[in-house]
Amino acid sequence: MSCAALLALRGPRLLRAARPPRWSRRRSGGCEPPAGAAVRIGCASGFWGDTAAAVPQLLYGGKLDFLVFDYLSEITMSLLTAARARSPDLGYTPDFVSTAIAPYIKDIHRKGVRIISNAGGVNPLACAAALQEVAKKADVDMKIAVVAGDDLMSEKENLKGAGITDLESGKQFPESIHSMNAYLGARPISRALDLGADIVVTGRCVDSGIVLGPLIHSFGWNRDEFDLLAAGSLAGHLIECGAQCTGGIFTDWHAVPDWHNIGFPIVECSSEGDFIISKPPDTGGLISFGTVAEQLVYEVGNPQRYLLPDVTCDFSEVSITEIPGFEGGAVKVHGAKGSPPSTFYKVSATYLDGFRATAVCPVGGPKAVQKGKLTAESILKRTRLIFSQLGYEDYSAVNIQVLGSEDTYGPHARRSIDDQGPREAVIWLAVHHKRKEALEIFSKEIAPAGTGMAPGLTGIVGGRPRVSPVLKPFFFHYPKSDVQISLFLNGQHVETFEEDLTFTSDEPVPYDPPKIDSELKDLPSGPHTYRLEDLAYTRSGDKGNSANIGVIARHPLYYPYLKKTLTAQALENYFQHLLEREKPEEELVTRYELPGVHGLNFVLKNSLGGGGIASLRSDPQGKALGQMLLDFQIKNVPDLKSLIE
């Protein structure tokens with residue numbers, strides 16, 4: 001078929017129908033897509049447990065080329081590792097098979113939408129086998145590929161004496177490693193699509209790779225086209241958490257309509273790397289500068305050095321522009337820059353570190369907070385007496401919070417109701433111990449508080465607390481050249497993927513904090529005080545035991561005042577009650593700048609009580625830290641609202 005005839009046929013499904021040839025801006029023969037030719041990718045899952053409503057809205061209303069699902073986090077990997085330890089057939093996210101794919105597999109096949117997901121977890125071959133059974137029952141012929149090789153447990157003994165230390169804490173490699181998984185990149189996914197896969201299942205890979213992979217496949221982006229790879233990675237970063245960029249957890253939550261029918265994101269990307277984010281018609285939610293800018297800063301460290309296996313990204317000058325005329329909103333995103341990646345993969349390992357249990361008990365009536373605290377303290381006293389009688393050690397760690405008392409706000413807490421506090425509260429009592437038997441005693445001693453301690457205890461949320469193992473994360477770097485990546489198609493090994501290290505660099509790039517702009521020193525002052533929420537959006541997330549808080553100015557004219565007031569030291573002071581200092585003079589907060597969206601990003605080290613499944617706090621992932629910061633006072637400034645009227 002001639003190039004002209006091929007282009008004349010182009011419609012929503014051309015990229016599928018023309019497989020395996022792919023669009024490329026420089027493909028031999030000069031067959032280029034017309035101006036504006038784009039690939040449409042929808043994301044139907046941002047985590048394991050996301051809503052089942054996403055698949056039908058995207059499949060039937062999204063006009064998609066690809067549909068992707070992101071399920072994995074450090075916590076999820078810990079849970080899946082524990083599941084596989086119970087049974088060799090477990091270790092993947094079963095919801096992907098039973099809820100996301102099985103009910104729709106015939107329509108997925110008919111429409112030619114190709115699926116990419118990291119649902120394989122720690123057992124991607126078992127996940128693919130389950131999908132094969134679904135396809136067989138539905139009588140559809142689908143090629144199901146697996147990207148394997150992220151599991152490095154076979155190297156455990158070799159690594160024990162190699163002097164490896166944790167990237168965050170500097171601790172030595174643990175003795176009792178439970179799992180080790182490298183964050184693979186996008187090119188194995190792209191290669192699986194080249195081989196004709198209809199569904200690609202991976203284990204651990206970087207979240208954005210499930211979007212970058214199909215873009216590399218579709219456009220033929222080369223390994224040294226770093227700006228394009230950075231743009232594709234940014235597209236993946238923005239939609240990988242599903243509804244978080246379409247109005248979910250938005251600072252202005254009250255402006256987001258129809259949460260019950262919130263639309264999931266679609267990215268429409270051109271071969272030049274520019275892309276538009278939208279959502280299916282007739283869905284709720286909101287896409288705006290604010291919703292997408294918040295997601296840009298979500299769970300990033302240094303935005304100028306966002307390290308991925310395929311590219312090192314610079315998102316600091318990214319621009320987000322609202323596009324008028326789209327129902328529910330749409331934005332155009334531009335300006336990601338890239339540079340060579342390193343020769344190493346980041347590896348997430350887990351190791352067993354004792355056991356934990358959490359009791360959650362509502363309490364009502366006057367002085368509910370005082371009753372809750374005394375109840376929790378009394379339970380600990382009683383169980384410690386029992387431990388002493390049995391010769392058990394004390395708890396390794398405990399955490400008492402009374403939800404409703406604003407414990408997590410520390411010195412910023414507000415008191416109300418005649419100085420007696422709220423008349424409803426919830427006890428959060430979490431404990432850690434080296435012995436499972438000790439926590440089984442703790443678990444049995446919660447219910448007796450309902451008859452022998454404070455009045456007003458109404459029950460135990462979820463029943464008797466469950467004792468569970470603590471799998472702590474351990475992060476390190478591992479040479480890409482030592483990782484063997486295998487591609488499987490319909491259960492058969494078809495190829496060993498070779499990682500090309502030609503365009504890589506391990507040169508250290510020191511971080512130089514931005515100097516205080518001279519114009520900030522000369523900013524006009526005034527008698528006004530604003531809450532941060534009046535001037536900015538915020539969003540927070542986690543990486544291990546560190547949290548990040550992104551702050552985006554609501555208007556460019558507010559940005560200089562935010563930069564002047566929100567220093568790293570100011571945030572360290574504000575959150576000092578949550579930060580755990582290991583060294584006396586250690587600086588625990590680092591600030592980065594994103595002038596493209598008039599934003600700041602703060603990384604708070606040692607702020608999550610261990611983070612993830614290891615933390616005993618009620619907010620182990622720092623989800624509420626950005627909300628806490630909204631009450632920060634911006635003082636001694638002029639009438640900023642008048643600047644934009």
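I begin with a definition: a residue counts as buried when its relative accessible area is under 20%, as exposed when it is over 50%, and as partly exposed in between. I also remind myself that this is a predicted model.

**Entry 1: a surface patch**

I looked up Ile-644 and found it in the segment after α21, the helix that spans 640-643. Is Ile-644 buried, partly exposed or exposed? Its relative accessibility is 37%, which lies between the two cut-offs, so I noted Ile-644 as partly exposed. I then saw that Ile-644 joins Leu-557 and Leu-643 in a nonpolar patch on the surface, and that the three together have about 230 Å² of accessible area.

**Entry 2: cysteines**

I reminded myself that a disulfide is a covalent bond between the sulfur atoms of two cysteines. How many disulfides does a search of the whole structure find? The search finds zero. Cys-127, for one, is in no disulfide, and the nearest cysteine sulfur, which belongs to Cys-205, is 13 Å away. For Cys-241, which is in no disulfide either, the nearest cysteine sulfur is that of Cys-43, at 7.9 Å. Since a disulfide needs the two sulfur atoms within 2.5 Å, neither of these distances qualifies. I also checked how covered the two residues are: Cys-127 has 0% relative accessibility and therefore counts as buried, and Cys-241, at 12%, counts as buried too.

**Entry 3: the sheet of 11 strands**

I turned to the sheets, keeping in mind that strands of a sheet pair through backbone hydrogen bonds, either parallel or antiparallel. One open sheet has 11 strands in the order β11-β12-β8-β7-β1-β2-β3-β6-β4-β18-β19, and its pairing is mixed. Which strands stand at the edges? They are β11 (319-322) and β19, each of which pairs on one side only. From one strand to the next, the twist in this sheet averages 20°.

**Entry 4: strand β18 and its partners**

I chose β18, residues 485-489, for a slower reading. Why is β18 described as largely enclosed by the rest of the structure? Five of its five residues are buried, and so the description follows. Ile-485, Leu-487 and Leu-489 point one way from the strand, whereas Ser-486 and Phe-488 point the other way, and I noted that residues on both sides are buried.

On one side I followed the pairing with β4 (residues 144-148), which is antiparallel and runs over four bridges. Within this pairing, Val-146 has Phe-488 of β18 as its bridge partner. I then followed the pairing of β18 with β19 (residues 492-497), which is also antiparallel and runs over five bridges. Here Ser-486 stands opposite Thr-496, and Leu-489 stands opposite Gln-492. The strands β18 and β19 form a hairpin with two residues between them, and in that turn I noted Asn-490, whose phi is positive at about 50°.

**Entry 5: the sheet of four strands**

My last look was at an open sheet of four strands, ordered β21-β22-β24-β23, in which the pairing is antiparallel. β21 (536-543) and β23 (589-594) stand at its edges, and because each has a single partner strand, one side of each is left without a neighbour in the sheet. The twist from one strand to the next averages 20° here. For β21 I looked up the pairing with β22 (residues 546-553), which is antiparallel over eight bridges. One example I wrote down is Tyr-537, whose bridge partner in β22 is Ile-552.

Conventions:
Residues are numbered from 1 along each chain as its sequence is written. This is a predicted model: local features need pLDDT of at least 70, side-chain atom pairs count only at pLDDT 80 or more; totals for chains, interfaces and linings use all residues. Side-chain values use heavy atoms; hydrogens and water are left out. Buried means under 20% relative accessible area, exposed over 50%, partly exposed in between (1.4 Å probe, protein chains only). Patches are made of residues with over 30% relative accessible area and no salt bridge: like charges are joined within 9 Å, nonpolar side chains (Val, Leu, Ile, Met, Phe, Trp, Tyr) within 5 Å. Accessible areas come from the Shrake-Rupley method with a 1.4 Å probe; for residues, only the protein chains shown count as cover. A salt bridge is a side-chain nitrogen of Lys or Arg within 4 Å of a carboxyl oxygen of Asp or Glu. Two strands pair if DSSP finds at least two bridges between them. Axes are lines fitted to C-alpha atoms, for helices over the stretch in contact, and angles run from 0 to 180 degrees between N-to-C directions.
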